[in-house]
Amino acid sequence: MDVILEFADTYVFDKFWATVLPAQTNIAQHATATFSSMREGATLIPQKQWVWEQATHYFSFPPSEYAWQSAWPRDRTERQFIELFLIVWLFGVVLYFLCATLSYVFVFDKTTFQHPKYLKNQLRMEIKQAQTSMPGMALMTAACFVFEVKGYAKFYDRLDEAPFPLYNYLQFPFFILFTDFLIYWIHRGLHHPMVYKTLHKPHHKWIMPTPYASHAFHPLDGFAQSAPYHLFPFIFPLQKFAYIALFGFINIWTIFIHDGEYVANSPIINGAACHTMHHLYFNYNYGQFTTLWDRLGGSYRKPNEELFRRETKFAADEWNRQAKEMEKIQEQVEGEDDRQYSGQVRGECKKVQ
């Protein structure tokens, strides 16, 4: 994140902080200036409080004169935290709306709206939940990023700085396997009765999710499931740009598994079909990327074959079968169902016959 922070400082934040919190001028530098020269507008240059170093060997964003004109230099912790919070929040909002909207327009099948377990005003509620939670998730994420840019993580820049040459390629599958393992257990833990209704139920409100449900979490739930991504570079080496690419990929993948397009009929990949099984039936398919840990943990449920054939995917018989089974499991997990489904009269909680 130091590369992104350097870019943002150079083109946005240096001038902002110089205006909002201007530096005190260094008296020693202009003590000899005459009164007349000061009246003529002599420029008073504040003392430099930090030394600029390129964030990456491959390119740089040289700072302007504003970089040294604030009382809060670039390496001040409070400034870095505020900037990273804003970057994460705004980047998350833009990526969410861009990718979720593209998925909604070009991938998501609107026939889902007719499913008996689709909620009334669900699309609006998903977006509202996501936008309510994103600032909280961004705050916690920014705190992790501050420790990273302070140099506590094991990031490396040049490819020849890798532990060994092949590591530049192996870090990607290693990152996926490591984070998938931890997310599996964190996600499964969030289904424990002691925390489920408080933290994880807001995301399980969506029985038949749309792409906009991808980030519709309780903020602590969303951050908890992202924690392994931040933990990895504190334990293992990770190339800076690989981290940025993986950060973007993770956000897109989260949308992908909520898009309702069941392309990956794979025993290995935890795609949208596997994740639909999780939303429908609660206690299955906790993994994020693969089915490996679900298989080893005894929580894997193979997606129904009907989901991969359009003539049966949206058939009334299949939907009613899903709804009946979902209702039984939902009652065991949550008790009374407080959702209001599309077409349901307010106050009713009618089961599928």
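Contact here means heavy atoms within 4.5 Å. The model is predicted.

## Exercise 1: Take stock of the chain

Find how many helices and strands the protein chain has, and what share of its residues is buried.

**Solution.**
- Step 1. Count the elements: the protein chain has 13 helices and 2 strands.
- Step 2. Check burial. Of the 353 residues, 48% count as buried.
- Step 3. Look at contacts between residues at least 6 apart in sequence. Of these, 73% join residues at least 24 apart.

## Exercise 2: Decide where to read with care

Find the mean pLDDT of the protein chain and the share of residues that reach 70 or more.

**Solution.**
- Step 1. The mean pLDDT is 88, and 89% of the residues reach 70 or more.
- Step 2. Residues 27–45 have a pLDDT below 50, and this stretch has 9 contacts in the model beyond near neighbours in sequence.
- Step 3. Residues 345–353 also have a pLDDT below 50. Here the model shows 13 contacts beyond near neighbours in sequence.
- Step 4. Where pLDDT is low, the predicted coordinates should not be read in detail.

## Exercise 3: Compare a record with the model

UniProt lists transmembrane regions in an unreviewed entry. Determine how much helix the model has in residues 84–108 and in residues 169–187.

**Solution.**
- Step 1. Take the ranges from the record: UniProt gives residues 84–108, 169–187 and 241–258.
- Step 2. Residues 84–108 are 92% helix and 0% strand. The end C-alpha atoms of this span lie 32 Å apart.
- Step 3. Residues 169–187 are 100% helix and 0% strand. Their end C-alpha atoms are 28 Å apart.

## Exercise 4: Follow helix α8

Work out how the length of α8 compares with the expected value, where the helix kinks, and what its buried residues pack against.

**Solution.**
- Step 1. Helix α8 covers residues 219–235, 17 residues in total. From first C-alpha to last it reaches 25 Å, close to the 24 Å expected at 1.5 Å a residue.
- Step 2. Look at Ser226. A kink of about 40° lies there, shortly before the proline Pro228.
- Step 3. List buried residues. Among them are Asp221, Phe223, Ser226, Pro228, Tyr229 and Phe232.
- Step 4. Find their partners. The buried residues of α8 pack against helices α5, α6, α7 and α9, and against strands β1 and β2.

## Exercise 5: Move to helix α7 and His258

Identify the buried residues of α7, then find which side chain His258 meets in a polar contact.

**Solution.**
- Step 1. In α7, Tyr196, Leu199, His200, Lys201, His203 and His204 are buried.
- Step 2. Their cover includes α6, α8, α10 and α13.
- Step 3. Place His258: it sits in the loop between α9 and α10. His258 is buried because its relative accessible area is 2%, under the 20% cut-off.
- Step 4. Its contacts, leaving aside neighbours within four places in sequence, include His203, Ser214, His275 and His279.
- Step 5. The side chains of His258 and His203 are joined by a polar contact of 3.2 Å.
- Step 6. Ser214 is 44 residues from His258 in sequence, yet their C-alpha atoms are 5.9 Å apart.

## Exercise 6: Examine two buried polar residues

For Ser299 and Gln330, find the polar partner of each side chain.

**Solution.**
- Step 1. Ser299 lies in the loop between α11 and α12. Ser299 is buried, with a relative accessible area of 3%.
- Step 2. Its side chain makes a polar contact of 2.6 Å with the side chain of Asp294.
- Step 3. Setting aside residues up to four places away in sequence, Ser299 touches Tyr184, Arg188, Asn283, Tyr284, Asn285, Tyr286 and Asp294.
- Step 4. Gln330 is part of helix α13. Its relative accessible area is 2%, so Gln330 is buried.
- Step 5. A polar atom of the Gln330 side chain lies 3.1 Å from the backbone oxygen of Gly335.
- Step 6. Gln330 also touches residues including Phe282 and Arg339.

## Exercise 7: Check two positive phi values

Determine whether Asn121 and Phe282 are buried or partly exposed.

**Solution.**
- Step 1. Asn121 has a positive phi of about 60° although it is not a glycine. Phe282 has a phi near 65°, also positive in a residue other than glycine.
- Step 2. Asn121 is in the loop between α4 and α5; Phe282 is in the loop between α10 and α11.
- Step 3. Asn121 is partly exposed, at 41% relative accessible area. Phe282 is buried, at 0%.

Notes:
Residues are numbered from 1 along each chain as its sequence is written. This is a predicted model: local features need pLDDT of at least 70, side-chain atom pairs count only at pLDDT 80 or more; totals for chains, interfaces and linings use all residues. Side-chain values use heavy atoms; hydrogens and water are left out. UniProt positions are given in the numbering used here, feature names are shortened, and annotations may be inferred rather than shown by experiment. Helices (H or I, at least four residues) and strands (E, at least two) are DSSP runs, numbered from the N terminus. The expected span of a helix is 1.5 Å times one less than its number of residues. The bend at a residue is the angle between axes fitted to the seven residues ending there and the seven starting there. Buried means under 20% relative accessible area, exposed over 50%, partly exposed in between (1.4 Å probe, protein chains only). pLDDT is the predictor's confidence in each residue, from 0 to 100. A polar contact is a pair of N or O atoms within 3.5 Å; within protein, one must be able to donate a hydrogen and the other to accept it, and residues adjacent in sequence count only if both atoms are side-chain atoms.
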